[in-house]
Amino acid sequence: MRSFLSALVLLFPIVSAAQEFQVVSSAVSIRQVPMGQIEKTLSEGERAPLTSLFTFWGKTEGGWVNLDYTDFNFPFEKVMGELPLKFAVISLPKTISGIELKENDVLYIAKIEDGQAVCLFKNRAFLVPEKDLNVESATFSVVVVNGGALLSDGENSVKLKPGTALLKGNGGYLYRNHYYSSLEPLKTSKNVDVDAVLKEINRLIDIFNSAKLSSPLADRLGYYVKTLPVKDSDLKIVRTQDGGVGAVVNLRYKFFLKDGEPITGRKTRLFLKESNYEFWRKLTEKLFDSGINKFVDIKIYRFDGSDSYENCGFVDSSYHLYKLGYLKDWKSFLKNSESNLNDDLWFFADEVYERLEND
């Protein structure tokens, strides 16, 4: 009936040269274990080999990397071994031992004795006369899918999660006692409304600026740090091979007097207060809720005191860590994001108050 079920499957080694990742955010850490101690950091554009996957983590030389920050190549199927089987494929719907079987369902044969086949179907064992079955033998590959996948037999289909194991023959797959003729990668293409995202970012910026303008510190100093509106050129959407979408946002900061006049003769520095981290966290959250499903990379620029802005570092966050609740407040956001900020970016509110009191 189906020749693939009687063919011996040959196993071929996976070509490791194609298995690598490239960093597409500002940076990513290599850790001893997922969520563990940092061993080294790779910068945007750097590449490294990839040996195995575990959920959204990848194993590389020296440790584990959060793949949300990367674009990567990896075999869709990874062969784990071989399994010889005796089985029978149901050609027409029928009921056997009170079990309703559909076309393409598969009975695994544990043994045949005295003309009776001991059949296994979804953790149930029962006897079927051997003459009523078309018993075949073959050796299958045990494979694991390294991404979301869709199995289909032409009429029925089932979605598989990354890490699902199944049996592969010459032209088809066995999964949960059913034969499927095709297995395709399941790519979730995300549509991101850039105009809506920009509008939401600038709405948050307006709220944040209003809070800064009306703060006691601004009243005492007569000026505050303003976050400038984000323009089209400040937002970059990054798409990866697996259908993922990342976002890079440039935030620019500048001193303004309370009457709205910009201060142009000195470098802008941020007050080291939790409100800045909370603003970045809230901005990241809104971007993930808008369709971003890989990373949010916030790049921080401050006015340099003359006529331009200097790059003072970044804060990058992972979509999967957000979904798992690791970015629930500013402290967890700071702990679980990738970041590198210039020490000269900050000054301390307490020191400012002391100077004012001394004066």
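Asn134 sits in the loop that connects strand 14 (124–129) with strand 15. In this predicted model, Asn134 has a relative accessible area of 46%, so the residue is classed as partly exposed. Leaving out residues up to four places away in sequence, Asn134 is in contact with Phe87 and Ala88. Its C-alpha atom is separated by 9.5 Å from that of Ser91, a residue 43 places away along the chain.

A second loop residue, Lys190, is found between strand 21 (182–185) and helix 1. Lys190 is likewise described as partly exposed, with a relative accessible area of 34%. When neighbours within four places in sequence are set aside, Lys190 touches Arg239, Gly243, Val245, Gly291 and Asn293. The C-alpha atoms of Lys190 and Ala110 are separated by 45 Å, and the two residues stand 80 apart along the chain.

**Backbone angles**

Most residues other than glycine have a negative phi. Met35 has a positive phi of about 70° although it is not a glycine. This residue, Met35, belongs to the loop between strand 2 and strand 3, and its relative accessible area of 34% makes it partly exposed. Asn177, also not a glycine, has a positive phi of about 60°. The loop that holds Asn177 runs between strand 19 (173–174) and strand 20 (179–180). Asn177 has a relative accessibility of 7% and therefore counts as buried, the limit being under 20%.

**Confidence of the prediction**

The average pLDDT of the protein is 88, and 91% of the residues score at least 70. Over residues 1–17, however, the pLDDT is below 50; this stretch has 41 contacts in the model beyond near neighbours in sequence.

**Nonpolar cores**

The largest nonpolar core has 42 residues, of which Leu251 and Trp280 touch the most other members. Apart from this core lies another, made up of 17 residues, including Val24, Val28, Ala48 and Leu53. The contacts of Trp280, not counting residues up to four places away in sequence, are Leu251, Tyr253, Leu270, Ile298, Ile300, Val315, Phe333, Leu341 and Trp346.

**Pockets and cavity**

The table sets out the volume and the lining classes of each space.

| Space | Volume | Nonpolar lining residues | Polar lining residues | Charged lining residues |
|---|---|---|---|---|
| Largest pocket | About 1300 Å³ | 16 residues | 13 residues | eight residues |
| Second largest pocket | About 270 Å³ | seven residues | seven residues | three residues |
| Largest cavity | About 40 Å³ | five residues | one residue | one residue |

The largest pocket encloses about 1300 Å³ of space. It is lined by 37 residues, and those closest to its centre are Asn146, Gly147, Gly148, Pro162 and Asp242. Several elements each supply at least two residues of this lining: strand 5 (52–54), strand 8 (70–73), strand 9 (77–89), strand 15 (135–145), strand 17 (157–160) and helix 4 (319–323). Strand 5 gives the most to the lining of the largest pocket, namely three residues.

The second largest pocket holds about 270 Å³ of space. Its lining consists of 17 residues, and Arg31, Ile38, Lys335, Ser337 and Glu338 are the closest to the centre. Two or more lining residues come from each of strand 2 (27–31), strand 3 (38–43), helix 5 (330–336) and strand 28 (338–341). Strand 2 and strand 3 are also the elements on either side of the loop that contains Met35.

How many cavities of 30 Å³ or more does the structure hold? There is one cavity of that size. The space in the largest cavity amounts to about 40 Å³. Phe208, Lys212, Val225, Tyr253, Leu270, Phe271 and Asn276 form its lining. Helix 1 (194–213) and strand 25 (270–271) each supply at least two of these lining residues. Two residues of the cavity lining, Tyr253 and Leu270, are also among the contacts of Trp280.

How values were computed: Residues numbered from 1 in each chain as written. Predicted model: local features only at pLDDT ≥ 70, side-chain atom pairs only at ≥ 80, totals over all residues. Heavy atoms only, no water. Core = buried A, V, L, I, M, F, W, Y, C linked by side-chain atoms within 4.5 Å. Buried < 20%, exposed > 50% of the residue type's maximum accessible area, 1.4 Å probe, protein only. Contact = heavy atoms within 4.5 Å. pLDDT = per-residue confidence, 0-100. 1 Å grid on protein atoms, 1.4 Å probe; cavity = no way out; pocket = protein on both sides within 12 Å on 5 of 7 lines; lining within 4 Å. Points joined across faces, edges and corners; volume = space filled by probe spheres on them. Helix = DSSP H or I, 4+ residues; strand = E, 2+ residues; numbered from the N terminus. Nonpolar A, V, L, I, M, F, W, Y, C, P; charged D, E, K, R; others polar.
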